[in-house]
Amino acid sequence: MKLKEVFRLIDKNLTKTNEELGFKKTAEEESAVVYTSDKGSYRLNYDSESSILAFECSYDEGGEYNTISRSLLDTESIDDREVKSLSNDVVEDVEKLFKTNKKVNIEKVKMPKGVSRGKAKSGILSYDVDSLANRFGVLYPEYKEAIKENIAEYGEFLPETFFKEVGNEKILGVIKNGSEAEWKKLFKALNEVFEDGTNEVQDIIGVTILGEMKGDPDMMAVADKYMSEYMAGPVHEINKLTKRNNRFTKKLENPPAYKPKKKKKGFSLMNSLNDAQRMQ
């Protein structure tokens, strides 16, 4: 099925929602279509290389679009049923983002609460992604506003988006150009959260953050000096993968779609590492 036909069918399925919310198609290109109303704009943007259809939105006229979700769209194999399912996902995203269009007052957003060190060490609770956000905000207070903006945008702290778009620049910058005191402080926090953290937070630290070193010798040398033995093994295996272009890195670049207000299913490279080791 040609992409133009896919867009036509999606547009047909969006008719009712677009009419209710006042959206009209305002632009259509070979790989993208844009809908606009007084509430803002949303765009369906297709990347033929990755076969990913991104749902993006902007509340401000002429403002930047933020990617809300991504869906696999193989134009060579997609059928009417799959287009209908994809359309339903778009309708759901549009309604959740624009039906009320409530803009959150950033001053009213609170920083995520972290699990206490005592409970984490005793095994009563594990550090989660909110704990990581809290710890990052303590380490680098200038980023608290960005953390709150992330929460305001998605209704919860979305760690993959925050660190890829904001946090990694700081962390990787410290690893590359920081002082010994900065290295110690950073890795002390990462080691602690990783060692007593959930699988999700371990993935964020090991893959989303430290995986972005991509095997750089100088950065790995700094990490080796301060990483705990427990974290070092997985981080080395992850960097062996992320420095190459393979199916694991493609999954990282195009993770399963994020659905607002629903439980997310993230791609776990920790589990994929185990799969890779079994295949060797």
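**View 1. Lysine 214 counts as partly exposed, at 44% relative accessibility.** That label fits because buried means under 20% and exposed means over 50%. This is a predicted model, as are the views that follow. You'll find lysine 214 in the loop between helix 8 and helix 9. Check the backbone here too: lysine 214 isn't a glycine, yet its phi is positive, near 50 degrees.

**View 2. Serine 51 also has a positive phi, near 60 degrees, without being a glycine.** Serine 51 sits in the loop that runs between strand 3 and strand 4 (52-58). Its relative accessible area is 19%, so serine 51 goes down as buried, the cut-off being under 20%.

**View 3. Here's the whole chain, with its twelve helices and five strands.** The protein chain has 280 residues, and 45% of them count as buried. Its accessible surface adds up to about 15,700 Å², with 46% of that belonging to carbon and sulfur atoms. Take the contacts in the chain with a separation of 6 or more: 59% of them are between residues 24 or more positions apart.

**View 4. The largest nonpolar core is built from 43 residues.** If you want to know who has the most contacts inside this core, look at Leu132, Phe163, Ile175, Phe187, Leu210, Met213 and Met231. Two or more core residues come from each of helix 4 (129-139), helix 5 (144-154), helix 6 (159-177), helix 7 (180-195), helix 8 (199-209), helix 9 (217-226) and helix 10 (229-242). Helix 7 gives the largest share, with seven residues. Apart from this core there's another one, made of 28 residues, including Leu44, Leu53, Cys57 and Ile68.

**View 5. Isoleucine 175 is one of the residues with the most contacts inside the largest core.** Leave out residues up to four places away in sequence, and isoleucine 175 still touches Trp183, Leu186 and Phe187. Its other partners are Leu210, Met213, Met219 and Val222.

**View 6. Among the 15 aromatic pairs of the structure is one between phenylalanine 23 and tyrosine 42.** Their ring centres are 5.1 Å apart and their planes meet at 70 degrees, so the pair is edge-to-face. Phenylalanine 23 belongs to the loop between helix 1 (3-21) and strand 1 (24-28), while tyrosine 42 belongs to strand 3 (residues 40-47), so the pair ties together parts that are 19 residues apart in sequence. Both phenylalanine 23 and tyrosine 42 are buried.

**View 7. Phenylalanine 136 and phenylalanine 162 make an edge-to-face aromatic pair.** Centre to centre, the rings are 5.6 Å apart, with 80 degrees between the planes. Phenylalanine 136 comes from helix 4 and phenylalanine 162 from helix 6, so the pair ties together parts that are 26 residues apart in sequence. Phenylalanine 136 and phenylalanine 162 are both buried. Follow the ring pairs and you get a cluster of Phe136, Tyr140, Tyr143, Phe157, Phe162 and Phe163.

**View 8. Two arginines lie over tyrosine rings.** Arginine 43 is over the face of tyrosine 65, at 4.1 Å from the ring centre. Arginine 135 puts its charged end over the ring of tyrosine 127, and there the distance to the ring centre is 5.6 Å.

**View 9. Serine 87 is buried, and its relative accessible area is 0%.** Serine 87 is part of helix 2 (residues 80-98). Set aside its neighbours within four places in sequence, and the contacts of serine 87 are Leu9, Ile10 and Asn13.

**View 10. Phenylalanine 194, in helix 7, is placed beside serine 228 in this close-up.** At 3% relative accessibility, phenylalanine 194 counts as buried. Along the chain, phenylalanine 194 and serine 228 are 34 residues apart, and their C-alpha atoms are separated by 9.4 Å.

**View 11. Helix 10 has the span you'd expect.** Its 14 residues, at 1.5 Å a residue, should span 20 Å, and the end C-alpha atoms are 20 Å apart, so the two agree. The buried residues of helix 10 include Met231, Ala232, Val235 and Ile238. Asn239, Leu241 and Thr242 are buried in this helix as well. Met231 turns up in View 4 too, among the residues with the most contacts inside the largest core.

Conventions. Residues are numbered from 1 along each chain as its sequence is written. This is a predicted model: local features need pLDDT of at least 70, side-chain atom pairs count only at pLDDT 80 or more; totals for chains, interfaces and linings use all residues. Side-chain values use heavy atoms; hydrogens and water are left out. A nonpolar core is a set of buried Ala, Val, Leu, Ile, Met, Phe, Trp, Tyr and Cys residues joined through side-chain atoms within 4.5 Å. Buried means under 20% relative accessible area, exposed over 50%, partly exposed in between (1.4 Å probe, protein chains only). Helices (H or I, at least four residues) and strands (E, at least two) are DSSP runs, numbered from the N terminus. Contact means heavy atoms within 4.5 Å. Accessible areas come from the Shrake-Rupley method with a 1.4 Å probe; for residues, only the protein chains shown count as cover. Rings of Phe, Tyr and Trp (its six-membered ring) pair if their centres lie within 6.5 Å; planes under 30 degrees apart count as stacked, over 60 as edge-to-face and the rest as tilted. A charge sits over a ring if NZ of Lys or CZ of Arg is within 6 Å of the ring centre and within 35 degrees of the ring normal. The expected span of a helix is 1.5 Å times one less than its number of residues.
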